[in-house]
Amino acid sequence: MGMTMTQKILARAAGEKRVEAGQLIEARVDLALGNDITAPVAIREFEKIGCARVFDRERIALVPDHFTPNKDIKAAEQCKAMRLFAREQEIVHYFELGEMGVEHALLPEKGLVGPGDVVIGADSHTCTYGALGAFATGVGSTDLAAAMATGLAWFKVPAAMKIELTGRLRPWVSGKDVILTIIGQIGVDGALYRSMEYGGDGVSGLTVDDRLCMANMAIEAGAKNGLFPVDAKTRAFLKRVHYQGAHRPVRPDANAAYDTMLPLDLSAVVSTVAFPHLPSNTRPAKEAGDIRIDQVVIGSCTNGRLSDLEAAIRVMAGRPVHKGVRCIVIPATPKIFLQAMKKGILKAFLEAGAVVSTPTCGPCLGGHMGILAKGERAVATTNRNFVGRMGHPESEVYLASPEVAAASALTGRITDPADVAA
Amino acid sequence: MKAEGRVFKYGDNVDTDVIIPARYLNTSDSKELATHCLEDLDPTFVKRVQPGDLLVAGRNFGCGSSREHAPLAIKAVGVSCVIAVSFARIFFRNALNIALPILECPEAAAALEEGARVAVDFETGVLTDRGTGRTWQAAPFPPFMRALMAAGGLVPYTRERLARRGTGG
């Protein structure tokens, strides 16, 4: 039996000719990532290991993005601990405020992740980099600590679900609608312990940003990773960001074993919303009913990229945010912020009555910059809508694309962008 | 290694946001985290739980974020073992890495009731309901995991390995 893309990458990193699903391996890590919530725990554990120096100061990325700009004294102390560690260990890829962006938007933009790389991150959305052909997966702080010490991580080689994409997306539909549709079909544990490997001629029609968004939410189906084949669009992206890595793209063997096959016609995907309190609780935006909203959040590692902001502005088309709705826009990185400024996108948001925040994960995980009160509802381009995710345990988060979020901001209720298309 | 305590039973998809809400993640002190354990799912849990008690849940326990604060909070509040139909994979790793025992046992997870007194033998994977005498066999940890758990988690395990290699300190 042949190997999947994930299995090929893991075999190479473990120094094995071949690996099989279920096998426990130890693999070399090309990049290990932590943030201001998970790195302080990892640093404490790293110190317990009794290792004086990190395995490679160029292969660790530390990004203070969750509760920054520091939301309170405790958050400031956590960031300080991380900053001091980065300084002491001379970590090359530590990003201070000003360079800092939402980690999974920032690392691809900095050219730090690419095909064939093994990336672990103490953040569940590390799986984002599978869009660029990397094996990337979320781990905990202790795993990060061990990887910082040794450059190694243990993995159970995953079986795979093959998602065969055909067709092209309709207008106003994007990667977020695709991944929500998939999660709605297979459930929040539909890909548990497995990799979600994409293929088929539909892949070429998806932008790299669509793929980043789709790989990002693999974890919301329980997957270990999401992985796209590398094509001309990937290579153009990697060239643009000056990716300096080893560039080791893999293709799945023709006889690779998949325990599930999921065909998906992209032209049949519609604007989709995940209702509270699970990402799998999806409905077409058209069938949402009369759901009045208090807040809209456009941003996050899932949908805070330039193309997301552009898509939202195209939907809004110069019209104002509905009176009484708080619309919060968070460009994911300083570069995206600057590009959006130069293109007049930020001005358009402000003129529409939205606010624009500095890059932060902020409201996505109920940290700061847009917390919900009891009974309030938000449409968010983020990735989770669990109980209490964005604030009060009795508030509600509806997950959607930037297009749906923008349309909903205009009307004050969940809206299909095609219904307000200018 | 054995554990015994009362069962606190919850459903499917108990996520890390309800295990420890992000609003408390501005600290990594496990004792402080423990005071908010499962707060958004069951505000009475922390008041009722006794050292040694067990969590029993359905599918996909610990789904969501990679926050190790979740198993840390569960361990620090005194829970001796989590039994579920299945676990989300990052939670699974994290629990083992910090040596919080977890067992996948769909039959026991379905049958055990809130308040039942249960004994767990981690050597054999056998679960016993002290009230009814009923037993279940959970899948034992693979050898690699047993070594890691025996060392007390990934950090002592890594420390031992580095010491053997002579690259520590």
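**Exercise 1. Place Tyr193(A) in its chain and state its exposure.**

Start with location: Tyr193(A) sits in the loop between helix 6 (175-186) and strand 9 (195-199) of chain A. Helices (H or I, at least four residues) and strands (E, at least two) are DSSP runs, numbered from the N terminus. The model is predicted: local features need pLDDT of at least 70, side-chain atom pairs count only at pLDDT 80 or more, and totals for chains, interfaces and linings use all residues. Residues are numbered from 1 along each chain as its sequence is written, chains are lettered from A and ligands numbered from 1 in the order in which they are written, and side-chain values use heavy atoms, with hydrogens and water left out.

Next, the backbone. Phi of Tyr193(A) is near 65°, a positive value in a residue other than glycine.

Last, exposure. Tyr193(A) counts as partly exposed because its relative accessibility is 28%. Buried means under 20% relative accessible area, exposed over 50%, and partly exposed in between (1.4 Å probe, protein chains only).

**Exercise 2. Describe Met369(A) by the same steps.**

Location: the loop between strand 16 (355-356) and strand 17 (377-380) of chain A holds Met369(A). Backbone: Met369(A) is not a glycine, yet its phi is positive, about 65°. Exposure: Met369(A) has 39% relative accessibility, so it counts as partly exposed.

**Exercise 3. Locate two cis peptide bonds in chain A.**

Take Thr68(A) to Pro69(A): this peptide bond is cis, with omega near -15°. Pro69(A) lies in the loop between strand 3 (60-63) and helix 3 (73-88) of chain A.

Now take Pro276(A) and His277(A): a cis peptide bond joins them, and omega is about -5°. His277(A) is in the loop between strand 12 (272-274) and strand 13 (282-284) of chain A.

**Exercise 4. Work out the surroundings of Phe349(A).**

First, find the element: Phe349(A) belongs to helix 12 (residues 345-352) of chain A. Second, check burial. Phe349(A) counts as buried because its relative accessibility is 0%. Third, list contacts (heavy atoms within 4.5 Å). Leaving out residues up to four places away in sequence, Phe349(A) touches Ile298(A), Leu309(A), Ala312(A), Ile313(A), Met316(A), Val329(A), Ala354(A) and Val356(A). Fourth, take a distance: Arg319(A) is 30 residues from Phe349(A) along the chain, and their C-alpha atoms are separated by 9.6 Å.

**Exercise 5. Do the same for Pro21(B).**

Pro21(B) is in the loop between helix 1 (16-19) and helix 2 (30-34) of chain B. Its relative accessible area is 1%, so Pro21(B) is buried. Residues up to four places away in sequence aside, Pro21(B) touches His36(B), Asp40(B) and Arg67(B). From Pro21(B) to Leu33(B) is 12 residues in sequence and 9.3 Å in space, C-alpha to C-alpha.

**Exercise 6. Summarise chain A as a whole.**

Count elements: chain A has 13 helices and 18 strands. Check burial: buried residues make up 65% of its 422 residues. Check the span: along its principal axes the C-alpha trace of chain A covers about 60 × 50 × 40 Å. Then look at contacts between residues at least 6 apart in sequence: 76% of those in chain A join residues at least 24 apart.

**Exercise 7. Describe the interface of chains A and B.**

Count the partners: 46 residues from chain B and 52 residues from chain A take part in the contact. Then give the area: about 4000 Å² is buried between the chains, with carbon and sulfur atoms giving 56%. Asn26(B), Arg89(B) and Arg93(B) supply 19% of the area that chain B buries against chain A, more than any other three residues. Buried area is the accessible area (1.4 Å probe) that two parts lose on being put together, summed over both.
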